[in-house]
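Okay, thanks for coming, everyone. I'll put the structure up first, and then we'll walk through it together.

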Amino acid sequence: MKDQHLINVTVNGAEHEVLVESRRTLADVLRHDLGYTGTHLGCEHGICGACTILVDGTPARACLMFGVQADGAEVRTVEGLADGDRLSDLQEAFSRRHGLQCGFCTPGFLMLAEAYLAENPAADKEEIRDVVSSNLCRCTGYQGIVEAITDVAAARREAS
Amino acid sequence: MSGGDGRVTGQRTWVGASVPRKEDPRLLTGRGRFVDDLRQAGALSAAFVRSPLAAAQINAVDLSGVRSVDGVLAAFSAADLGLSGLTALLERAEFTPTTMPILAADRVRYAGEPVAIVVADDPYAAEDGIEQAIVDYSPGRLVTSIGDALAADAPSVHDELRANTFLAVNPFSDDVDEVFAAAECVVRTSLSSQRQNALPLEPRGCLAEWVDRDDQLVVHISSQVPHQVRTALARCLGLRERQVRVIVPDVGGGFGLKCVVGREEIAVAAAALRLRRPVKWIEDRREGLFASFLGREQRHQVRAAFDGDGRILALDADIRCDVGAYSVFPFTSGVEPLMAAAELPGVYQVPRYRARACAIATNKAPTAPYRGVSRPQIVLVMERLMERAARELGLDALVVRRRNLIDTFPYIGVNGITYDPGSYRESLDRCEQRLREEGWFELRDGAADRVIGIGFACFNERTGYGTEAFAQRKMSVVPGYDISEVRMDPGGGVTVTTGTSAHGQGHETTLAQIAADQLGLRPDAVKVRQGDTDQVSYGWGTFASRSAAIGGGAVRLASGKLATRIRVIAAHLLDTDEDNIDLDDGWCRRRDDPDGAVPIAEVAEVAYLRAHRLPKDLDPGLSAQATFDVLTSGTFSNATHGVVAELDPRTGQTRLLRYLVVEDCGVVINPKIVDGQVRGGVAQGIAGALYEQIGYDADGQPTAGSLIDYLVPTAAEIPEIDIEHLETPCAFTETGAKGMGEGGTIGAPAAVLNAVNDALRDTGVELDAVPITPEHVLRALECSR
Ligand code: FES
Ligand code: FES
């Protein structure tokens, strides 16, 4: 007998009702049950950060949460960042600064940066380097990632 | 304007521009499609029962418990599948072929070797299933190091191997002893490098399905080499090549690990054939760390003879590579030793050379080529020898390097390799000059209270191995050339095919830039198609930095041919000669008449939809195909890395204060992409120098089972990497480009090791092994107290 639960979760503004086994990770619920495959799995043990999403505004490792824990939560994934075909400032900066190569780690870095900049609009490069050290990228050597986020912090500061 | 089309006013070509990547929007919005993102109705999930032991006889495999688990549909042992296995061949007497079974049958040879495949409704059930497998093993004696493997009474990893040796070669047997006897100075190094995992962030994975309508097995796979996977699948499964279609979707990094064919993917395909249902397998990180392909474990004993001025007279090398339990398809276990022996002299003029090299079997996971293949090690060796000779002779190490650098081109080495022109001297001069100007030497010499060292590494990177260069290795499957087709549709849109297959290198962009220049179009008019064996001609995929140099050459030639066809038609429509037509920004223009022009799109329309307007002898349609190959020893990019390192005397940590790369990869197609490759490469090189290591205990169990133990450096460890380009166009390639995907990884370990040794210069200790751990540093620093 499977131990299943009906949960309600809002993903990028869309409400979903979904039946999940209690051991099913939130990452699998998002990716395979709901089709938000932008959230990637690079380790499934909480180290690489590729699965980083926002749960009620706070960055979380989707591989370390169970789907049932997201009952009633507001989740944001990488699919929710762009406005239709218009990339967000962060996404644009990643492209401009070549902050991605294979792009597998990218959703995790974007979501992490999205939450961090929302709370720390005045972040400088050193702080940003420190914060993104919670995620792994195997392709870029990180420089483009750090520069992209730094650019956006500066631009947002300017605009405000 | 930032984020624009990259075309600077007045610039004539797209090649050379930092055109934004076409790949980026989909990857940034979560619309990339990696294997695990693919959904197929009715797809099942596979998981593998793996051996917990590194060496054992298999007495019995009982999968009855597995089959009764909720959600499990099937479970197969080697006997159930009855497949023959993968045999990679080198056609040389010094090589002993062995077979890698798809699933282990009568014995296991490394911890993690797959013994059975379980197929279930979903991955959770598949994992429940593997827990119920009962395998009866009799543990055997094992070998976990080169020393163990070569011991007189060592148990053998494969019965057919003598002395646990897959390959032993003496490719250069010059009698150098007399030179050593007479030399002013003889220095030695005994250098070792650890096992590493290339660790693409996306693990391996595949989705296999039999499609009746096409009479085909369709396999989506995360791979660098789609056609080679097709050949292996067809051979192993007894299908015709045309009955297998391999499709490579977005790939989350490969770094060489995905350029060989894995047994798991074949088992998954076999299960899909048996069950006539789609089956998917996604490797998890634990499997990836301990049971996937690894690389880099080598030991070099090298001596070098120098004259009193620091000129190298002879080199004598003994190279041993621990390649693990199996020889991988198609590259074999010979890749590392053959590469190391052939290319050891590197950027230096070595007049006399003797080398022996071997591939040793141990009870550890098999190795695959990993970014840089053996070059990180041979550069470590040569750079250590230069430093050591300088110390011995009381000379400056940079002076010794300069006395030995190759400086006339093309240069034919003692190893028979032809080196094409590069900027060996200039890159070193420039690198040194910049670090001097920035005051790093003064900081090092003046900082009594800090432990600081400066390290350099000069190296070249053989890339663009064509068919000839690979043929010398004597593989039974010989990569090299590349074929490209360019098609224009009736609307003027272009599709370019390439046999290369990107995993983060941005080929969709760079190859479009190359074609756009030939066709007088913008890169957005060009769609690059790769990684689908039904849609592209037989090709070799992406490894050994061959894509821009060779794949790019084929694209340039094919687009050039198509451009000629377009000009012929345009000339007919404009009533002139084809030589009088220029293709420019979407137009075919008469050179002699600014008003005489026809849009390329109109030519395309005529070619297909109004074929009656074509010149009489011309067939309808617009397409062209071309092949390109590098007919020499390959092309050689070169670089000097300069690094400043500070050691923390309390913790033994090494911190990199400055990293400068002066590099030359010929014509740069897209500077931003090249810089990204260099930076990523350097990061992997630093990882090898300071952090990453897969060790094994006496039972053959890997000591890194998660990313907690396998220390992938983060943004906190990798410094900013400054890059300066020199540009010596390559005479052997169509584009003038040389490959450059691996150089960063090749140069960094030697530069970092030299910097650490420079920082330790007062201690009398020299380190000769990577990774350099805090423990090594602390122990060395204690010697000075
Ligand atoms: S997949 Fe969640 S942290 Fe790596
Ligand atoms: S871009 Fe490949 S892992 Fe970050």
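Before I get to the two chains, one bit of vocabulary: when I say salt bridge, I mean a side-chain nitrogen of Lys or Arg within 4 Å of a carboxyl oxygen of Asp or Glu. And keep in mind that what you're looking at is a predicted model.

So, with that rule, how many salt bridges are there between chain B and chain A? The count is seven. One to look for on screen pairs R23(A) with D128(B), where the closest N and O atoms are 2.7 Å apart. Polar contacts across the interface of chain B and chain A come to 29 residue pairs, with both residues at pLDDT 80 or more.

Let's stay at that interface. On the chain B side, 57 residues are in contact with 48 residues of chain A. People often give the size of an interface as the accessible area lost when the parts come together. Here chain B and chain A bury about 4,400 Å² between them, and 55% of that is on carbon and sulfur atoms. If you want names from chain B, L28(B), Y124(B) and L201(B) lose the most area to chain A, and together they make up 19% of what that side buries.

Which helix gives the most to the side of chain B that touches chain A? That's α19(B), with nine residues. Sorted by class, that side of chain B has 25 nonpolar, 15 polar and 17 charged residues.

Remember α19, as it turns up again when we look at a helix of chain A. Helix α5 of chain A runs over residues 143-159, so to speak 17 residues, and reaches 24 Å from its first C-alpha to its last, close to the 24 Å expected. Among its buried residues are I145(A), V146(A), I149(A) and V152(A). What covers the buried residues of α5(A)? The cover includes α2, α3 and α4 of chain A, together with α19 of chain B.

Another spot where the chains meet is H45(A), in the loop between α1 and β3 of chain A. Leaving out residues up to four places away in sequence, H45(A) touches C63(A) and L64(A) in chain A, and R285(B), S706(B) and L707(B) in chain B. H45(A) and C63(A) are 18 residues apart in sequence, and 6.8 Å apart in space, C-alpha to C-alpha. Is H45(A) buried or exposed? Somewhere in between: H45(A) is partly exposed, because its relative accessible area is 24%.

Okay, back to salt bridges, and now inside chain B. Over all chains the count comes to 79. Take E343(B) and R462(B), with their closest N and O atoms 2.9 Å apart. E343(B) lies in helix α10 and R462(B) in strand β20, so this pair ties together parts of chain B that are 119 residues apart in sequence. Both ends are buried, with a relative accessible area of 6% for E343(B) and 7% for R462(B).

A second pair is R384(B) with D768(B), at 3.4 Å between the closest N and O atoms. R384(B) sits in helix α11 and D768(B) in the loop between α20 and β31, 384 residues apart. R384(B) is buried at 1% relative accessible area, and D768(B) is buried too, at 15%. There's also a network here: salt bridges that share partners join D177(B), R303(B), D316(B), D318(B), R320(B), R354(B) and R356(B).

Last topic, some backbone oddities. Most residues other than glycine have a negative phi, and most peptide bonds are trans. In chain B, the bond from F409(B) to P410(B) is cis, with omega near -15°. P410(B) is in the loop between α12 and β18. Another cis bond joins V770(B) and P771(B), with omega about 5°, and P771(B) is in the loop between β31 and α21.

As for phi, N12(A) has a positive value of about 50° although it isn't a glycine. You'll find N12(A) in the loop between β1 and β2 of chain A. A544(B) has a positive phi as well, near 55°, and sits in the loop between β23 and α17 of chain B. N12(A) is partly exposed, at 27% relative accessible area, whereas A544(B) is buried, at 19%.

That's my tour; over to you for questions.

Methods. Residues are numbered from 1 along each chain as its sequence is written. Chains are lettered from A and ligands numbered from 1 in the order in which they are written. This is a predicted model: local features need pLDDT of at least 70, side-chain atom pairs count only at pLDDT 80 or more; totals for chains, interfaces and linings use all residues. Side-chain values use heavy atoms; hydrogens and water are left out. Helices (H or I, at least four residues) and strands (E, at least two) are DSSP runs, numbered from the N terminus. Buried means under 20% relative accessible area, exposed over 50%, partly exposed in between (1.4 Å probe, protein chains only). Contact means heavy atoms within 4.5 Å. Buried area is the accessible area (1.4 Å probe) that two parts lose on being put together, summed over both. A polar contact is a pair of N or O atoms within 3.5 Å; within protein, one must be able to donate a hydrogen and the other to accept it, and residues adjacent in sequence count only if both atoms are side-chain atoms. Ala, Val, Leu, Ile, Met, Phe, Trp, Tyr, Cys and Pro count as nonpolar, Asp, Glu, Lys and Arg as charged, and the others, Gly among them, as polar. The expected span of a helix is 1.5 Å times one less than its number of residues.
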